[in-house]
Amino acid sequence: MLSLSHLCWLEQVYDVTKFMEDHPGGDDVLLSSTGKDATDDFEDVGHSDSAREMMAGYCIGDINASTVPKKTKYKAPQQPHYNQDKTSEFIIKILQFLVPLAILGVAFGIRLYTKST
């Protein structure tokens, strides 16, 4: 059972349901272009003049341009503020290394001092 398939091409709507079984590229090609502007899909294949003439028999009307939603321009999501000054991060990393080292040094010094007296 075939579903109703509509293609949009050159601002016209085509019902190609009856042509799906006869399409040389198979019905998957038509189904992948349904419900959208298929102009680029149709033109990229390089259809013959006879294929273009056949399209006239499947035309069911024109597209009302006022009902087509406008394309929205992509807007990147806002990123968190980037900290240009990495001085505080650098100091923290140095302290994370030096503090344990200092504790080991003090512990070694205490051990050495208490052992010699």
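# Chatting through the model

Q: Hi! Where is the place of T17?
A: You'll find T17 in the loop between strand 2 and helix 1. Helices and strands here are DSSP runs (H or I over at least four residues for a helix, E over at least two for a strand), numbered from the N terminus.

Q: Anything I should know before I trust the numbers?
A: This is a predicted model, so local features need pLDDT of at least 70 and side-chain atom pairs count only at pLDDT 80 or more, while totals for chains, interfaces and linings use all residues. Residues are numbered from 1 along each chain as its sequence is written, and side-chain values use heavy atoms, with hydrogens and water left out.

Q: Back to T17, then: is it buried or exposed?
A: T17 is buried, at 14% relative accessibility. Buried means under 20% relative accessible area, exposed means over 50%, and partly exposed is in between (1.4 Å probe, protein chains only).

Q: And how far is T17 from Y58?
A: Their C-alpha atoms are separated by 8.9 Å, although T17 and Y58 are 41 residues apart along the chain.

Q: How many aromatic pairs are there?
A: The count is 1 aromatic pair. F19 and Y58 make it, with 5.5 Å centre to centre and 50° between the planes, so it is called tilted. The rule: rings of Phe, Tyr and Trp (its six-membered ring) pair if their centres lie within 6.5 Å; planes under 30 degrees apart are stacked, over 60 edge-to-face, and the rest tilted.

Q: Where do those two rings come from in the chain?
A: F19 is in the loop between strand 2 (12-15) and helix 1 (27-31), and Y58 belongs to helix 3 (residues 49-58), so the pair links distant parts of the chain, 39 residues apart. F19 is also buried, with a relative accessible area of 14%.

Q: New topic! How many salt bridges are there?
A: The whole structure has 1 salt bridge. In it, the side chains of R52 and E43 meet at 3.0 Å, N to O. To count, a side-chain nitrogen of Lys or Arg must be within 4 Å of a carboxyl oxygen of Asp or Glu.

Q: Are R52 and E43 buried or exposed?
A: R52 is partly exposed, with a relative accessible area of 30%, and E43 is partly exposed at 33%.

Q: What's the overall layout along the sequence?
A: The protein has 4 helices and 3 strands, in the pattern β-β-α-α-α-β-α. Buried residues make up 15% of its 117 residues.

Q: Which feature does UniProt place at residues 90-113?
A: The unreviewed UniProt entry gives "transmembrane region" there; such annotations may be inferred rather than shown by experiment, with feature names shortened and positions in the numbering used here. In the model, residues 90-113 are 100% helix and 0% strand, with the end C-alpha atoms 34 Å apart.

Q: And F90, where is that?
A: F90 is in helix 4 (residues 87-116). F90 is exposed, with a relative accessible area of 53%.
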